[in-house]
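Q: Hey, I'm new to this one. Please walk me through it, starting with the helices.

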Amino acid sequence: MVSTFPNVSADLSRVRLDIRSLHPQIIEWRRIIHQKPELAFKEELTSKFVSQKLQEWGIEHQTGIAKTGIVAIIKGNKKGESNHRVLAIRADMDALPVQELNQVSYKSQHDGIMHACGHDGHTAIALGTAYYLQQHRDIFAGTVKIIFQPAEEGPGGAKPMIEAGVLKNPDVDAIVGLHLWNNLPLGTIGVRSGALMAAVESFRCTILGKGGHGAMPDQTVDSVVVAAQVVNALQTIVSRNVSPIESAVVTVGELHAGTKGNIIADTARMSGTVRYFNPDFAGFIQERVKQIIAGICQINNASYDLEYWGLYPPTINNEEMAALVRSIAAEVVETPLGIVPECQTMGGEDMSYFLQEVPGCYFFLGSANPQKDLAYPHHHPRFNFDETALAMGVEMFVRCVEKYFS
């Protein structure tokens, strides 16, 4: 691969000795999970593995939340005014329907399924954090809830976990989470207040025309022509309805019509995705999509069938919690180059639902290392990351606990 990153290195001297000693175990846990990837709400083996480890370490936990989710509770022994406070740490567990092409000893053993986004690493980091905190409960006052969440890749496990009461009993005051991020090199951390990741909405539309002979278009309603006008007009939603200072995307990624060059197609099918950061756009773009499709179909004597649905809202970080994470990142990585504030992405995340309920911060942990051929993008069949980041992730979470309760 051609790398846009400079020489990559990570200074683990800022990671405490106990976590560095634990690092080989964290790598082992990650690889065990990587070999047995599971899709949304089917994370039975992963959930069982997590539960077995928590039970082995004597950590109180509840299983079967939103089918395969787990919540672990660790109470600190340190005396302090924050004994009543609760900090949550969230990690997602699901994999993707991708056939792995990596030739590694821990390659996926489940045909057509792969951890192609780093959730195996997230789960391993959360396990490492749980183990360390259980062994060092004297370093913090308060309660830590570690949430092992299913189905982030869709249809979404955060919302059903919240509805099942995962943020209650005891009530969570704040939450943090991380994403291993191959868009950043190892040794960097991406953190910002406000919108980090975009809202995700989808649509599917069938244009219903009237088919006929390609030589006699006057006898038809050409669904291909109507669909082409719709695709072009949808681009004006962002270019002419969204301020140039704002960011939004309307993409038609799929368009199917026709069977032969001299036959005018009676139907054309398209689907697409909508992304935006500003929560004020919720409902607005959907309405414009409907208006454009309805108007173009009307002037062409066509009809249509439209489905439009939201998947996740934007992932918006609380300013104070982002400042806390940023200050911790400055302690763990070299500054100022190690902290990347301009790390927004139009990718979506259902961590957004947790952040709607309680103040929190979701951040990116750089994990790419081109020198080791570990810089393929997320969801690629050769996605993999530098496992050095696992120890850095545990250190980040542990310091979040220490600093939040202090």
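**Helix packing**

Q: How do α1 and α3 sit relative to each other, and how far apart do their axes come?
A: The axes of α1 and helix α3 (residues 119–135) come within 9 Å and cross at roughly 140°. Axes here are lines fitted to C-alpha atoms, for helices over the stretch in contact, with angles from 0 to 180 degrees between N-to-C directions. That angle makes α1 oblique to α3 (under 35 degrees is roughly parallel, over 145 roughly antiparallel, 65 to 115 roughly perpendicular, the rest oblique).

Q: Quick check, where do the model and the numbering come from?
A: The model is predicted: local features need pLDDT of at least 70 and side-chain atom pairs pLDDT 80 or more, while totals for chains, interfaces and linings use all residues. Residues count from 1 along each chain as its sequence is written, and side-chain values use heavy atoms, with hydrogens and water left out.

Q: Who calls the helices and strands?
A: They're DSSP runs numbered from the N terminus: helices are H or I with at least four residues, strands are E with at least two.

Q: Back to the pair. Which residues of α1 and α3 make the contact?
A: On the α1 side they include Asp-18, Leu-22, Trp-29 and Arg-30. On the α3 side you'll find, among them, Asp-120, Ala-124, Leu-127 and Tyr-131. Contact means heavy atoms within 4.5 Å.

Q: What about α1 and α2, what angle do they make?
A: About 155°, with the axes of α1 and helix α2 (residues 44–56) 10 Å apart. That makes α1 roughly antiparallel to α2. Trp-29, Ile-32 and Ile-33 of α1 touch Thr-46, Phe-49 and Lys-53 of α2.

Q: And at what angle does α1 cross α10?
A: Roughly 115°, and the axes of α1 (residues 17–35) and α10 (residues 388–405) come within 9 Å. The α1 residues there are Ile-19, His-23, Ile-26, Ile-27 and Arg-30. From α10 come Thr-388, Leu-390, Ala-391, Val-394, Glu-395 and Val-398.

Q: Arg-30 keeps popping up. Is that residue buried or exposed?
A: Buried, because Arg-30 has 0% relative accessibility (buried is under 20% relative accessible area, exposed over 50%, partly exposed in between, with a 1.4 Å probe and protein chains only). Arg-30 belongs to helix α1. Leaving aside neighbours within four places in sequence, its contacts include Tyr-106, Asp-120, Asn-384, Phe-385 and Glu-387.

Q: Switching topic: how are the strands of the open sheet ordered?
A: 8 strands line up as β1-β2-β4-β3-β5-β16-β6-β15, with mixed pairing. Strands pair if DSSP finds at least two bridges between them. β1 (60–65) and β15 (339–340) are the edges; each has a single partner strand, so one side of each has no neighbour in the sheet.

Q: In what sense do β3 and β5 pair?
A: Parallel: strand β3 (residues 86–92) and strand β5 (residues 174–185) share 4 bridges. Leu-87 sits opposite Ala-174 in β5.

Q: Which strands does α8 touch on that sheet?
A: Helix α8 (residues 319–332) touches β3, β5, β6 (189–190), β15 and β16 (360–368), and its direction makes about 35° with that of β16. α10 packs on the sheet too, touching β3, β4 (143–149), β5, β6 and β16; the direction of α10 makes about 160° with that of β3.

Q: Now β12. How many of its residues are buried?
A: 8 of the 10 residues of β12 (residues 267–276) are buried, so the strand is largely enclosed by the rest of the structure.

Q: How many bridges tie β12 to β8, and how many to β10?
A: With strand β8 (residues 199–208) there are 10 bridges, in the antiparallel sense, and Ala-199 has Tyr-276 in β12 as its bridge partner. With strand β10 (residues 248–257) there are 9, also antiparallel, and Val-252 is bridged to Gly-272 in β12.

Q: Last bit: what does His-119 touch?
A: Not counting residues up to four places away in sequence, His-119 touches Asp-92, Met-93, Asp-94, Glu-152, Glu-153 and His-179. His-119 is in helix α3 and counts as buried at 1% relative accessibility.

Q: And where is His-61?
A: In strand β1. At 24% relative accessibility, His-61 counts as partly exposed. Beyond neighbours within four places in sequence, His-61 contacts Ser-51, Leu-54, Gln-55, Ile-70, Val-71 and Ala-72. The C-alpha atoms of His-61 and Lys-403 are separated by 24 Å, and the two residues are 342 residues apart along the chain.
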